Amino acid sequence: MSELVLGIESSCDETAAAVVRGGREVLSSVVHSQIAEHAVYGGVVPEIAGRSHLKKILPVVDAALEQASIDLDELDGIAVTQRPGLIGSLLVGVSVAKSLAFTRQTPLIPVHHIEAHVYAASMECEEAPYPCIALVVSGGHTALYRAESALEMTLIASTLDDAAGEAFDKVSWLLGCGYPGGPAVSALARDGDPSSIRFPRYLPRDGGIGFSFSGLKTAVLYHLRGGDALAPTPAPEDMVGRADVAAAFEQAVVDALVTQTLAACRKEGIQRVLVGGGVACNAHLREELGVRAGGAGVEATFPSPAYCTDNAVMIAGLGYELLRAGRTASWELDALAR
Ligand code: KG4
Ligand code: ZN
């Protein structure tokens, strides 16, 4: 077997396809981002996402095969994000993967999106990084796992409310920075002083591990409205210390993510961390986790930014591992939102 896997990703607002050999060698990666279509709404609109995936998925798959100079007949498997995600979006990728796999009688491989985000970081490692603590931090998820291998992950803790990326997106909206919020807030934060405001950090009770970002988001709202929740949010040009708010908010998020990740390492007795998801692009998080993990004797690995946000390389990569383990699906495969 030449170990060629086509990956297809359509769980949220990126339509992506990639061809990967042996779980590691990237032959092609094509991502069509729907950001422009959702930006005016300040977030992903599920109906628009589903329709856009329908329009783009076949051209994106074609482009990935062409870039890799691979014909459908040469594939050893077709991997697709089956869960979790927006159901109308997942269904597009799953239907296309099923049809292509059925016509060629190629194995169909269902992939869990969160596990694939972790796999993206493992692709950067020379040696197998297991067991490890995995931090998945994106627009839809913020959670810590213990991973024994690429295929065995156990949830340690997840957010009680908003995901960290969602908090970035909401605060960005308040600050008038646009969508997606992460990169915009982060750019504004570079001109601010993170210690100028002390926003709250959620601390789980009884020394437990966990995340919560809705209190932080509300604290930013109260701060911008001068302590009166019903007052209007000032226009960006009228905001006092706008960059300081961005920097202090970013610091609070990064602090929570790093503190809880290192707490999970201590609790599980593990010295290895893999990080994945769109928020893993955040330069401040990459730097602070690197420094604080180093101080605790923990090694942390991030994917390159293109493989932090949604992509199909991570789907094809993990798909290869699943194929080797015989974890393929029947033609009855269905998408699952959760
Ligand atoms: O993994 P992803 O592409 O999609 C989901 O599965 O959610 O993550 C998108 C999220 C968005 O909320 C976006 O604001 C955030 O990742 N993000 C960032 C940065 N780049 C993207 N958050 C903070 N800093 C960044 N540089
Ligand atoms: Zn994702």
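The exercises below, each with a worked solution, concern a predicted model of one protein chain.

**Exercise 1. Two domains**

Task: State which residues belong to domain 1 and domain 2, and how far apart the C-alpha centres of the two domains lie.

Solution. Start with the domain assignment of the chain. Domain 1 consists of two segments, 4-118 and 308-324. Domain 2 is given as 128-302. Next, take the C-alpha centres of domain 1 and domain 2, which are 27 Å apart.

**Exercise 2. The interface between the domains**

Task: Describe the interface of domain 1 and domain 2 by its residues in contact, its buried area and its polar contacts.

Solution. Step one is the count of residues: 19 residues of domain 1 are in contact with 17 residues of domain 2.

Step two is the area. The size of an interface is often given as the accessible area lost when the parts come together. Here domain 1 and domain 2 bury about 1,500 Å² between them. Carbon and sulfur atoms account for 76% of that area. On the side of domain 1, Ile 114, Val 118 and Cys 308 supply 39% of the area buried against domain 2, more than any other three residues.

Step three is the polar part. Between domain 1 and domain 2 there are zero salt bridges. Three residue pairs are in polar contact across the interface, counting pairs with both residues at pLDDT 80 or more.

**Exercise 3. The side of domain 1 that touches domain 2**

Task: Find which helices each supply at least two residues of the side of domain 1 that touches domain 2, and sort that side by residue class.

Solution. The helices are H1 (35-38), H4 (113-122) and H10 (313-324), each with at least two residues on this side. The largest share, four residues, comes from H4. By class, the side of domain 1 that touches domain 2 has 11 nonpolar, five polar and three charged residues.

**Exercise 4. Three residues of helix H8**

Task: For Arg 242, Glu 250 and Asp 255, decide whether each counts as buried or partly exposed.

Solution. First place the residues. Helix H8 covers residues 242-268 and contains Arg 242. Glu 250 is in helix H8, and so is Asp 255. Then apply the cut-off: buried means under 20% relative accessible area. Arg 242 has 21% relative accessibility, so Arg 242 counts as partly exposed. Glu 250 counts as buried because its relative accessibility is 5%. Asp 255, at 16%, therefore also counts as buried.

**Exercise 5. Partners of the three residues**

Task: List what Arg 242, Glu 250 and Asp 255 touch beyond four places in sequence, and give their polar contacts.

Solution. Take Arg 242 to begin with. Arg 242 is in contact with Leu 175, Gly 176, Cys 177, Leu 188 and Pro 236. A polar atom of the Arg 242 side chain is 2.8 Å from the backbone oxygen of Leu 175.

Now take Glu 250. Glu 250 touches Phe 168, Ser 186, Ala 189, Asn 282 and His 284. The side chain of Glu 250 makes a polar contact of 2.8 Å with the side chain of Ser 186, and another of 2.8 Å with the side chain of Asn 282. Glu 250 and Ser 186 are 64 residues apart in sequence, yet their C-alpha atoms are 7.1 Å apart.

Finally, take Asp 255. Asp 255 is in contact with Arg 201, Glu 288 and Arg 292. The side chains of Asp 255 and Arg 292 are joined by a polar contact of 2.9 Å.

Technical notes
Residues numbered from 1 in each chain as written. Chains lettered and ligands numbered in written order. Predicted model: local features only at pLDDT ≥ 70, side-chain atom pairs only at ≥ 80, totals over all residues. Heavy atoms only, no water. Buried < 20%, exposed > 50% of the residue type's maximum accessible area, 1.4 Å probe, protein only. Contact = heavy atoms within 4.5 Å. Polar contact = N/O pair within 3.5 Å; in protein donor to acceptor, adjacent residues only side chain to side chain. Domains from an automatic or database assignment. Buried area = accessible area lost by both parts, 1.4 Å probe. Salt bridge = Lys/Arg side-chain N within 4 Å of Asp/Glu carboxyl O. Nonpolar A, V, L, I, M, F, W, Y, C, P; charged D, E, K, R; others polar.
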